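Colleague: I'm new to this one and would like to start small. Could you pick out one spot and then walk me outwards from there?

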Amino acid sequence: MLVITGVEQDRKAKQRYHLFVNDSQEPYTSVHEDLLIKFRLLKGREIHGDELKQIVQEDSKHRAYILSLSHLGARQRTEKEIMRYLARKEIDPETAEKALERLRQEGLVNDKQYANMYASERMRTQMKGRRLLQQELVQRGISRDMAKQASQKLNEQSETDIAIRAAHKKWPYIKGEPRERKQKLAVFLLRRGFPMNTVREAVKAAVLGMEDDEDGHMLDN
């Protein structure tokens, strides 16, 4: 049987407390204040070694969960991103998985929802094609099947409209002869993940748009 002979707040991590047992000068362990209250870990309390061991395990799970919430605070994350983050924080895989399961149950982590939102937003704001978006999702830890499904859900016409918008934006900054400019623009759009048929349509629209602008300018003069 152990006796808690001291409880001290951590100077840096204010929500953690060091527990001293049997008049030891070194802390036996440290726990989050939530567990300190939950298990009434007060000075003078007698506690069995096995019970304290279970509390330490519970604290490890709680720490993994709190770290995950903190990581989610910046932006939505994939399951793999959270597991990688917890690994960097030296949380063992089993404890990390339990924290992740809790996040799933609470609806705070959802890879399918993440993939759909990511693909839709990035196509609209960064003018990227479905192929590139699919690759980016896989890099972020989304399964290949789920990434493919998310990219395929995007409207084909919307992808074409985005490609045309990207082409119009890029065209004035491309230098060279007309044929060379078209080739450079096509390469640019292909690198952004647009399919060849869409690229052809976007290049044609950009060239025609520039010609219309030039004709209009001449008429104004």
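Are Tyr-114 and Tyr-118 buried or exposed?

Modeller: Tyr-114 and Tyr-118 are both buried, where buried means under 20% relative accessible area, exposed over 50% and partly exposed in between, using a 1.4 Å probe and protein chains only. Before going on: this is a predicted model, so local features need pLDDT of at least 70 and side-chain atom pairs count only at pLDDT 80 or more, while totals for chains, interfaces and linings use all residues. Residues are numbered from 1 along each chain as its sequence is written, and side-chain values use heavy atoms, with hydrogens and water left out.

Back to the two tyrosines. The structure holds one aromatic pair, and the rings of Tyr-114 and Tyr-118 make it, with centres 5.9 Å apart and planes at 15°, so they count as stacked. The rule is that rings of Phe, Tyr and Trp (its six-membered ring) pair if their centres lie within 6.5 Å; planes under 30 degrees apart are stacked, over 60 edge-to-face, and the rest tilted. Tyr-114 and Tyr-118 are four residues apart in helix H5, so about one helical turn separates them. Helices here are DSSP runs (H or I, at least four residues), as are strands (E, at least two), numbered from the N terminus.

Now step along the chain to Met-127, which sits in the loop between H5 and H6. Its phi is near 55°, a positive value in a residue other than glycine. Most residues other than glycine have a negative phi, and most peptide bonds are trans. Met-127 has a relative accessible area of 11%, so it is buried. Arg-40 has a positive phi too, near 50°. Arg-40 is in the loop between helix H1 (33-38) and strand E4 (46-47), but at 57% relative accessible area it counts as exposed.

H5 also leads us into the largest nonpolar core. A nonpolar core is a set of buried Ala, Val, Leu, Ile, Met, Phe, Trp, Tyr and Cys residues joined through side-chain atoms within 4.5 Å. This one has 28 residues, and Leu-137, Leu-185, Leu-189 and Val-203 touch the most other members. Helices H5 (111-126), H6 (130-139), H7 (144-152), H8 (156-170), H9 (178-191) and H10 (196-220) each supply at least two of its residues. Setting aside residues up to four places away in sequence, Leu-185 touches Ala-167, Lys-170, Trp-171, Ile-174, Val-203 and Ala-206, a contact being heavy atoms within 4.5 Å. Apart from this core lies another, of 13 residues, among them Ala-64, Tyr-65, Ile-82 and Tyr-85.

Of those core helices, take H8. Its 15 residues should span 21 Å at 1.5 Å a residue, and the end C-alpha atoms are indeed 21 Å apart; the expected span is 1.5 Å times one less than the number of residues. Among its buried residues are Ile-162, Ala-163 and Ala-167, whereas Lys-169 is exposed at 56%. At the start of H8, a side-chain oxygen of Asn-155 comes within 2.8 Å of the backbone nitrogen of Gln-157. Lys-170 lies over the face of Phe-188, 4.9 Å from the ring centre. A charge sits over a ring if NZ of Lys or CZ of Arg is within 6 Å of the ring centre and within 35 degrees of the ring normal. Arg-102 does likewise with Tyr-65, its charged end 3.6 Å from the ring centre.

Tyr-65 brings us to H2, where it is one of the buried residues, along with others including His-62, Ser-68 and His-71. Ser-68 is buried with a relative accessible area of 0%, and a polar atom of its side chain lies 2.8 Å from the backbone oxygen of Ala-64. Beyond four places in sequence, Ser-68 touches Ile-82, Leu-86, Ala-99 and Leu-103. His-71, at 12%, touches Arg-77, Glu-81, Ile-82 and Tyr-85 on that same basis. The side chain of His-62 makes a polar contact of 3.3 Å with that of Asp-34. Such a contact is a pair of N or O atoms within 3.5 Å; within protein, one must be able to donate a hydrogen and the other to accept it, and residues adjacent in sequence count only if both atoms are side-chain atoms.
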